[in-house]
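Me: I'm new to this one. Could you show it to me and then explain why things get the labels they get?

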Amino acid sequence: MYCNKIPDKPVDNEKIWKKLDDLARANSLWITAYGTGCGAIELRPLHTSRFDMERFGIAMRPTPRQSDVLIISGYLSVKTLKRVIRVYEQIQDPKYILALGSCTIDGGMYFDSYNTINILDRYIPVDVYVNGCMPRPEAVIDGFILLMKKIKEGKAVGWKRYKENLEYYRKNQREIIRNWDLPDYNW
Ligand code: SF4
């Protein structure tokens with residue numbers, strides 16, 4: 001049926017496209033396949049028919065250039081932090097970080113270790129934390145659903161936070177990484 005009703009307000013095309021873009025993006029999340037801690041083992045069952053992550057449009061990709069999501073799958077060692085920064089900065093915007101396990105929140109059982117990162121958000125911007133030691137696949141899926149919701153609402157903005165506060169993140173990263181040889185800006 002043809003509708004000739006003239007809208008009261010002018011149509012904001014940019015806003016509509018942004019909404020559509022967020023909707024499409026939220027339903028097609030590609031993960032960089034890179035495990036940092038024990039939690040990587042809980043990602044394997046997500047591929048199986050029992051949990052079937054692909055029904056949500058979630059898939060693994062072999063390189064950061066093809067991905068939207070980086071999962072920090074548990075404790076992050078000081079040595080691995082440098083690689084994680086390198087990988088994160090190579091993912092194109094907009095990009096998201098899902099952090100699994102208590103270790104990413106406050107260090108977990110490694111809270112007083114000389115060798116692990118305690119509060120991940122001081123070094124790279126986390127969009128969603130999934131707590132537990134280790135979170136089960138159901139909890140990881142729950143984390144993805146929360147991430148999708150945040151993307152649709154325009155609230156998954158860790159990548160913007162990172163750019164706007166790059167000086168803060170770089171300062172914290174350099175305090176940990178002694179042999180700093182990363183480029184100033186990696187993307
Ligand atoms: S939260 Fe538990 S399972 Fe996860 S990395 Fe830490 S110790 Fe390992």
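Reply: Sure, here is a round of questions and answers about this predicted model.

Me: To start, what makes up the chain?
Reply: There are six helices and five strands. Starting at the N terminus, they come in the order α-β-β-β-α-β-α-β-α-α-α. Of its 187 residues, 32% count as buried.

Me: Why is aspartate 52 called partly exposed?
Reply: Aspartate 52 has 13 other C-beta atoms within 10 Å. Exposed would need 12 or fewer and buried 20 or more, so a count in between gets the label partly exposed. You'll find Aspartate 52 in the loop between β1 (30-32) and β2 (59-61).

Me: And what is unusual about the phi of aspartate 52?
Reply: Its phi is positive, about 45°, although aspartate 52 is not a glycine. A positive phi also turns up just after α4, at glycine 154, with a value of about 70°.

Me: How do you know that the span of α4 is close to what is expected?
Reply: Helix α4 runs over residues 137-152, 16 in total, and reaches 23 Å from first C-alpha to last. The expected span is 1.5 Å times one less than the number of residues, and for α4 that gives 22 Å, so the two values are close.

Me: What puts the buried residues of α4 on the same side?
Reply: The residues in question are Val140, Gly143, Phe144, Leu147, Met148 and Ile151. They cover an arc of only 140° around the axis, and therefore sit on the same side of α4. In general, an α-helix has 3.6 residues a turn, so residues three or four places apart point the same way. As for partners, the buried residues of α4 pack against α1 (13-26), β4 (96-100) and β5 (128-130).

Me: Which residues touch the most other members of the largest nonpolar core?
Reply: Ile72, Ile97, Leu98, Leu120 and Leu147 do, in a core of 35 residues. Elements giving two or more residues to this core are β3 (69-72), α2 (78-90), β4, β5 and α4.

Me: Why does the shell around the ligand have no charged residues?
Reply: Only Asp, Glu, Lys and Arg count as charged, and the shell consists of Gly37, Cys38, Gly39, Gly74, Tyr75, Gly101, Ser102, Cys103, Gly108, Met109, Cys133 and Met134. The tally is therefore six nonpolar, six polar and no charged, with Gly counted as polar.

Me: Where are the cis peptide bonds you can point to?
Reply: One goes from aspartate 93 to proline 94, with omega near -10°, and proline 94 is in the loop between α2 and β4. Another joins cysteine 133 to methionine 134, with omega near -5°.

Definitions and conventions: Residues numbered from 1 in each chain as written. Predicted model: local features only at pLDDT ≥ 70, side-chain atom pairs only at ≥ 80, totals over all residues. Helix = DSSP H or I, 4+ residues; strand = E, 2+ residues; numbered from the N terminus. Arc of directions from axis to C-beta. Contact = placed C-beta atoms within 7 Å. Near = placed C-beta within 6 Å. Core = buried A, V, L, I, M, F, W, Y, C linked by C-beta atoms within 7 Å.
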